[in-house]
2 protein chains.
Amino acid sequence: MPRVAAVIIGNEVLSGKIVDQNSPWLASRCHDLGLDLVRVVVIPDLIEVIATEVNRALDVAEIVFTSGGVGPTHDDVTMAGVAAAFGVGLVRSPELEAALRERISDRYAQDEQGLSSALRMADIPEGCELLWEGDLFFPIVEKGGVHILPGVPKLFRMKFDGAAHRFKGVPMAHRAFTTTESEPAIANRLAQAQDRWPSVEIGSYPQYDHKPWTVTVTLDSRDDAALAICTDHLASVLSAGLIDPS
Amino acid sequence: MPRVAAVIIGNEVLSGKIVDQNSPWLASRCHDLGLDLVRVVVIPDLIEVIATEVNRALDVAEIVFTSGGVGPTHDDVTMAGVAAAFGVGLVRSPELEAALRERISDRYAQDEQGLSSALRMADIPEGCELLWEGDLFFPIVEKGGVHILPGVPKLFRMKFDGAAHRFKGVPMAHRAFTTTESEPAIANRLAQAQDRWPSVEIGSYPQYDHKPWTVTVTLDSRDDAALAICTDHLASVLSAGLIDPS
């Protein structure tokens, strides 16, 4: 199954100025598409850190998304960071430059420095592919599985969804129980079920916000047969405290 | 300044079942306390991955918080992961065992297996300190700067706040402007200011959700003199598009 990792780039997330909306959204979309999100990291706008983390992401995933740091200002260093990850330089893409000029030449007709800053967005790592997907004037810049997406949530989502048809996953089926038994009380029963059906991922999540305290037991699997048997088994061994979902 | 890193442990976050509330909250608290949050990583419930990421966190920060994976069920492997990070084993803490027994003996009087599962929470990496902070029956387990916190947001917050007096930071002062000029138009002025006042961190954040599109320029610094001059300078060079905050 394709594995996905995300590299969220931005001092503004680490300083608490902005809450990252992209990684929770990505987690949910990957889940729906049947892709396994295996790692998210949030890092500052520093070229060397971006390079290191892009490589760490590629160590564990075939598909990597970066978020943020792709604008025209001094704090936008993601392109340089991805280039450093691959040990290549930045090159001006004639195709991107043309797309940018077409879009913005009028706006910067009287502002040569502004135009020149805007065209910095056409400087990308050597050897990238441009994915012209969705209804966007600017393509996704991709290299070796790394998809360089903007941090602005609206644009991040549009670009991801434009490219989503490229990623072939198999969604997991999901079951859940909620019980008033405590985690220690059910721990052994869960561990035994997990041992018996390793293709089912069993999770246990206590809730202490309001009484009665409860535990939600989740089952996720791509193995329908095992999921069905494991679900029946847990329904029977957890029956004492089960909360009727109705 | 003390640097902080967070290791968020949980399949449920990566699968999108639960949105991580702890890292945004931590970012905001670190900001208030004047601690520099430099890295957040979200990883699955796997001992080797936890061990690797705890070490990577310690490479860049003096203070590390883990979130999640500390309960009594089979998917709670954070203690084992932190132990592996330090190359030590798990040992039963008599002090924790006593605290747990005092709290829960009645509840599990008829359930030896439940009691035994609950006492797994007293198995911690060798050589930990127990920080009895705040109004909690269970201490923070700490080793070499790594503070092992629960994933349940309410408990994460209580434990962090109990220990916060240990972390001596210096808050940054913050300024911001919002302008209707575009990022490319102001990029050069920002870059020049950044070069001139390196002790001020200048950020630039475009907003495309509603018209007029705007850019928010932020200034953060612990250097009050530089911040004051840089703020005056930017107020003057950005004056064309500035939006009155009132």
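Reader: Why is Ile186(A) called buried or exposed, whichever of the two applies?

Author: In this predicted model, Ile186(A) has a relative accessibility of 0% and therefore counts as buried, where buried means under 20% relative accessible area, exposed over 50%, and partly exposed in between, with a 1.4 Å probe and protein chains only. Ile186(A) is found in helix H8 (residues 183–196) of chain A, and, not counting residues up to four places away in sequence, Ile186(A) touches Thr179(A), Glu181(A), Val215(A), Val217(A) and Leu238(A), contact meaning heavy atoms within 4.5 Å. Helices are DSSP runs of H or I with at least four residues, and strands are runs of E with at least two, numbered from the N terminus.

Reader: Which class of accessibility does Glu97(B) have, and what makes it so?

Author: Glu97(B), in helix H5 (residues 94–104) of chain B, counts as buried because its relative accessibility is 18%. Leaving aside neighbours within four places in sequence, Glu97(B) is in contact with Arg92(B), Leu119(B) and Ala122(B).

Reader: What makes H3(B) oblique to H4(B)?

Author: The axes of helix H3 (residues 47–60) of chain B and helix H4 (residues 78–86) of chain B come within 7 Å and cross at roughly 55°, so H3(B) is oblique to H4(B); angles under 35 degrees count as roughly parallel, over 145 as roughly antiparallel, 65 to 115 as roughly perpendicular and the rest as oblique. Axes are lines fitted to C-alpha atoms, for helices over the stretch in contact, with angles from 0 to 180 degrees between N-to-C directions.

Reader: On what basis were residues numbered and included?

Author: Residues are numbered from 1 along each chain as its sequence is written, while chains are lettered from A and ligands numbered from 1 in the order in which they are written. Local features need pLDDT of at least 70, side-chain atom pairs count only at pLDDT 80 or more, and totals for chains, interfaces and linings use all residues, while side-chain values use heavy atoms, with hydrogens and water left out.
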